[in-house]
Amino acid sequence: MKMKAITATIAIVLMFFGVQAQSEGIPNVVGFNHLLVSEVLGEERGVQIYLPPSYQDSDKTYPVVYVLDAQRFFLHVVSLSRSFQQFQLAPEFIIVGIKNSYPGRFQHFGEGKENFKGFLQDELSAYVNQNFRTNGENLLFGWEYGGSFAFHMMKDQPTLFNAYLIASPYPIFDAIDELDTSARMDTQLYFAVSPDEYDVRNSTEKLNEKLASNPIEGLEWKYFEFGLEEHRSTGYPTLYHGLRDYFKYYQEFETNNLQKFINAGGMEYALNHAQERAKRYGFEPELSLWSRFTIVRSAMRADDFDQFETLLNALDKNAFIQELIENRDYAVSQFVVFYEKNNRFQEAVELYDILLKKYPDSERLLNKKRSAQSKRQ
């Protein structure tokens, strides 16, 4: 009995220490902290750098997203990067977070912005490009005073970054008048606001109106109004929507709305997307099977039979259906249902025959074919 008691006691002790060891966990490290001695700023600057999962085991080069106020937004951008990769919405990219503290950020982004521009361009960018495999594609994000800083940088050096993502920029109202709409600006701009921001909203509306009435050659831009956000939270959706749009060609083409598809340019729009995707990221220049299916599916969802047939024929109907049979036969089943819904029973019977070649023992398909045949007669 004593031995059993001792054994039980040892087991309990081991269980206790096992649980204790498990509860300590393993550190979850996100990126690395770097300390740069800045001659331009006359101080040490802390930056955070995140490298994509494939970085260590490849020789690829990567875009770089520079994030002002990293103490607030760095982890958010890392999270977006990992989520985008999981759903193949964007390529992997390096993230460089520039930490700032209060009240220093107001000095760096305000009266001291020329020095901070020098630090960003001549010191930090140089450090990143020398020490990491970058591909020359750079994006800059800033919120509030950081957004104002990013706007001034775009205004003065538009080609320094491929895109500027600006959330609730303040102050920029007077600087908008200095924006030269006659000069070419080969870059992209995303700026955003909450409708409840008074002074900030006045500035972003002024910028939106100026760009709409005086388009700048080479500048692609979008203005977001986030009705569910307020001043402190606009940075998060700005990053999400700005990055999604900037990397929009990475995702294979997909459409879920027939009218939007037609308004955007229809098949020509889809083909241009595939070709741009190939040029930028090395994918095949043809529309994928999934892309083509979503195009036809959009007509079914809109219950537009004429467009359904038009799009099928534009995609080489017979070859397309055969490819679907081999890879996504459920799509052909959806076509059958749509044909029957529109009283096109002959076409439905023909598709049932194709499906039965793949599934010759399917009683369900055979019964459905018989039903369609009876309705055809």
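## Two tyrosines to start with

Y55 and Y62 are both buried. In this predicted model, their rings make a tilted aromatic pair, with 5.6 Å centre to centre and 35 degrees between the planes. Y55 also helps to line the second largest pocket, along with residues including V29, F32, L51 and R82. That pocket has a volume of about 170 Å³, and its lining divides into nine nonpolar residues, two polar and one charged.

## The largest pocket

Now to the largest pocket, which has a volume of about 570 Å³. Its lining is made up of 21 residues, with K248, F253, E254, Y269 and H273 nearest the centre. Two or more lining residues come from each of β8 (219–225), α7 (235–246), α8 (258–264) and α9 (266–281). Helix α7 gives the largest share, four residues.

What is the chemical make-up of this lining? The residues divide evenly: seven nonpolar, seven polar and seven charged.

## Aromatic company

The count of aromatic pairs comes to 33. One of them joins W290 and F293, a tilted pair at 5.8 Å centre to centre and 50 degrees between the planes. These two residues are three apart in helix α10 (residues 289–301), so about one helical turn separates them. W290 counts as buried because its relative accessibility is 18%, and F293 is buried at 1%. Both belong to an aromatic cluster that also includes F305, F308, F320 and Y330.

## Charges over rings

Two arginines are worth a look here. R72 lies over the face of W143, 4.4 Å from the ring centre. The charged end of R277 sits over the ring of F283, at 3.6 Å from its centre.

Notes. Residues numbered from 1 in each chain as written. Predicted model: local features only at pLDDT ≥ 70, side-chain atom pairs only at ≥ 80, totals over all residues. Heavy atoms only, no water. 1 Å grid on protein atoms, 1.4 Å probe; cavity = no way out; pocket = protein on both sides within 12 Å on 5 of 7 lines; lining within 4 Å. Points joined across faces, edges and corners; volume = space filled by probe spheres on them. Nonpolar A, V, L, I, M, F, W, Y, C, P; charged D, E, K, R; others polar. Phe/Tyr/Trp six-rings, centres within 6.5 Å; stacked < 30°, edge-to-face > 60°. Buried < 20%, exposed > 50% of the residue type's maximum accessible area, 1.4 Å probe, protein only. Lys NZ or Arg CZ within 6 Å of the ring centre and 35° of its normal.
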